[in-house]
Amino acid sequence: MLTPVLASLLPLLLLFRISFCQYSSDQCSWKGSGLTHEGHARDVEQVYLRCSQGSLEWLYPTGAIIVNLRPNTVSPAAARLSVCIKPSSDSRGTNIYLDRNGKLRLLLREQDQVQGKVLCFSIQEGALFIEAVPHMDISRRITAFQYELVSERVGLEAQSMSAPCQPCSDAEMLLAVCTNDFVARGSIMKVEQEEEHSSVTVDISRLYRQKTRVFVSGGVRVRRWTGRIKMPPQCGVKSGDGEFLFTGTVRFGEAWMGCAPRYKDFVRLYHEAQQRGTNPCQVDTD
């Protein structure tokens, strides 16, 4: 049963569809209202989001929607992408499934969404089928999440944080410096064990690249940066002496560790590859 306020608005909302898409070069978001489904709750609306990251917000969900997540470029590499979603802590009102050729697999129950945990799946596993859970009063039900398209390896690591840490090969290490979201030289100041991951506080002496501001500058005169990098607790990282080359990805505004060799080992590897002419990109190691 609708609240009196929503009931009074329903005739108007049925005339005007409250759903829109916002597009930019690297983000795509959708916001809609289930009130437009109230008169035909059995209908399933198709939503297409063709961006590398974005968000969805479904107010007062009724019926169901199918969310198709795709990259905004056509490439054979797109088949190897993973989709990661992070529900809002206030998200409720629906169950979320994976829909592959009409076969549904439960991904997130309504009660699980409030935990805000990141879940990842291969883009080949299908679209998101978001089905409203029947409630007498839908006025306080909003389903909301952020999404990102990431490389398959990053997606698998996000989905199973209990997996043991795998050391990077020489080729992976060299490629990470060229392609990862952040690359920085520095040392480990502190390691804190949290519920499902370790939080590593780092002191950066040289910042090569960062996708977003995960490392904060100490000021114009102080050419150093600080920040936190997350990683699985099984990696057993410890604070101590020595410099490292930190590389990794940024997921939902947080830095996650990728390859992190000791800096002297990276320099040796880089110079060996440079002599062979096999470096995928140039890095200033002076």
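These legends describe close-up views of one predicted model.

**View 1. Confidence along the chain.**
The mean pLDDT of the chain is 81, and 79% of its residues reach at least 70. Among the elements, strand 7 (residues 94–100) has the highest mean pLDDT, at 96. The lowest mean, 36, belongs to helix 1 (residues 4–15).

**View 2. Two stretches with pLDDT under 50.**
Residues 1–26 stay under 50 throughout. In the model this stretch makes 49 contacts beyond four places in sequence. Residues 159–164 are also below 50, and they have nine contacts beyond near neighbours in sequence. Where pLDDT is low, the predicted coordinates should not be read in detail.

**View 3. The surroundings of F252.**
F252 lies in a loop, with strand 16 (244–251) before the loop and strand 17 (254–257) after it. F252 counts as buried because its relative accessibility is 12%, and the cut-off for buried is under 20%. Beyond four places in sequence, F252 contacts C84, I85 and K86, as well as V118, Q146, Y147 and E148. One of these partners, K86, is 166 residues away from F252 in sequence. In space, the C-alpha atoms of F252 and K86 are 7.9 Å apart.

**View 4. The largest nonpolar core and I130.**
This core contains 25 residues. V67, L128 and I130 have the most contacts inside it. Leaving out residues up to four places away in sequence, the residues that I130 touches include L56, W58, G63, A64, I65 and V67. Further along the chain, I130 also touches T94, N95 and I96, together with T143 and F145.

**View 5. The second nonpolar core.**
A separate core is made up of 16 residues. Among them are F182, V202, F246 and A255.

**View 6. The hairpin of strands 12 and 13.**
Strand 12 (residues 182–193) pairs with strand 13 (residues 198–210) in the antiparallel sense, over eleven bridges. The two strands form a hairpin, and four residues lie between them. One of the bridges joins V183 to R209 in strand 13. In a regular strand the side chains alternate between the two faces of the sheet.

**View 7. Strand 13 beside strand 15.**
Which strand, apart from its hairpin partner, pairs with strand 13? Strand 15 (residues 225–231) does, and the pairing is antiparallel with seven bridges. In one of them, D203 has T226 of strand 15 as its bridge partner. Strand 13 therefore appears in two pairings, with strand 12 and with strand 15, where a pair requires at least two bridges.

Technical notes:
Residues are numbered from 1 along each chain as its sequence is written. This is a predicted model: local features need pLDDT of at least 70, side-chain atom pairs count only at pLDDT 80 or more; totals for chains, interfaces and linings use all residues. Side-chain values use heavy atoms; hydrogens and water are left out. pLDDT is the predictor's confidence in each residue, from 0 to 100. Contact means heavy atoms within 4.5 Å. Buried means under 20% relative accessible area, exposed over 50%, partly exposed in between (1.4 Å probe, protein chains only). A nonpolar core is a set of buried Ala, Val, Leu, Ile, Met, Phe, Trp, Tyr and Cys residues joined through side-chain atoms within 4.5 Å.
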